[in-house]
Amino acid sequence: MCYCCNLCNRCGRADEMKDRLGKRLCFSCGLEASDNTALICPECGSKLPPGFPDLPTIPTSEVGE
């Protein structure tokens, strides 16, 4: 793991962070949102926190062939 992570995901750190921190819990009822793009909670109608950003991809020019 690098100490200056820019979430390039070469080391898998972004995957780990999404697994650990990418849960979107409703502030009102505590329901975990399964849809990362939903803006409101399907259970109570409250506003959901923002979704975890999409993971970056490594450009093909940087991948060894």
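The following exchange goes through how labels were assigned in a predicted model of a protein.

Biologist: What does the secondary structure of the protein come to?
Modeller: There is 1 helix and there are 0 strands. The helix, α1, spans 13-21.

Biologist: How do you know where L21 and K23 belong relative to α1?
Modeller: L21 is found in helix α1. K23 lies in the segment after α1.

Biologist: What makes L21 exposed?
Modeller: Its relative accessibility is 57%. Exposed means over 50%, so L21 earns the label.

Biologist: Why is K23 called partly exposed?
Modeller: K23 has 48% relative accessibility. The label covers values between the 20% cut-off for buried and the 50% cut-off for exposed, so K23 counts as partly exposed.

Biologist: Which residues are paired with these two in the C-alpha separations?
Modeller: K23 is paired with A33, 10 residues away in sequence, at 7.5 Å C-alpha to C-alpha. For L21 the partner is F52, 31 residues along the chain, and their C-alpha atoms are separated by 8.2 Å.

Biologist: Why is C26 called buried?
Modeller: C26 has a relative accessible area of 4%. Buried means under 20%, so C26 is buried.

Biologist: What about C41, buried or exposed?
Modeller: C41 is at 2% relative accessibility. That is under 20%, so C41 counts as buried.

Biologist: How do you know that C26 has no disulfide to C44?
Modeller: The C44 sulfur is the closest cysteine sulfur to that of C26, at 3.6 Å. A disulfide needs the two sulfur atoms within 2.5 Å, so this pair is too far for a bond.

Biologist: And why is C41 not counted as bonded to C29?
Modeller: The sulfur of C29 is the closest cysteine sulfur to that of C41, and it is 3.7 Å away. The cut-off is 2.5 Å, so this pair is also too far for a bond. By this rule the count for the model is 0 disulfides.

Biologist: Which residues make up the largest nonpolar core?
Modeller: It has 5 residues in all: C26, A33, A38, C41 and L48. Leaving out residues up to four places away in sequence, A38 touches R24 and L48.

Biologist: What share of the protein is buried, and what share of the surface belongs to carbon and sulfur?
Modeller: Buried residues are 17% of the 65 residues. The accessible surface is about 5,300 Å², with 54% belonging to carbon and sulfur atoms.

Note on methods
Residues numbered from 1 in each chain as written. Predicted model: local features only at pLDDT ≥ 70, side-chain atom pairs only at ≥ 80, totals over all residues. Heavy atoms only, no water. Helix = DSSP H or I, 4+ residues; strand = E, 2+ residues; numbered from the N terminus. Buried < 20%, exposed > 50% of the residue type's maximum accessible area, 1.4 Å probe, protein only. Areas by Shrake-Rupley, 256 points an atom, 1.4 Å probe, with all protein chains shown as cover. Core = buried A, V, L, I, M, F, W, Y, C linked by side-chain atoms within 4.5 Å. Contact = heavy atoms within 4.5 Å.
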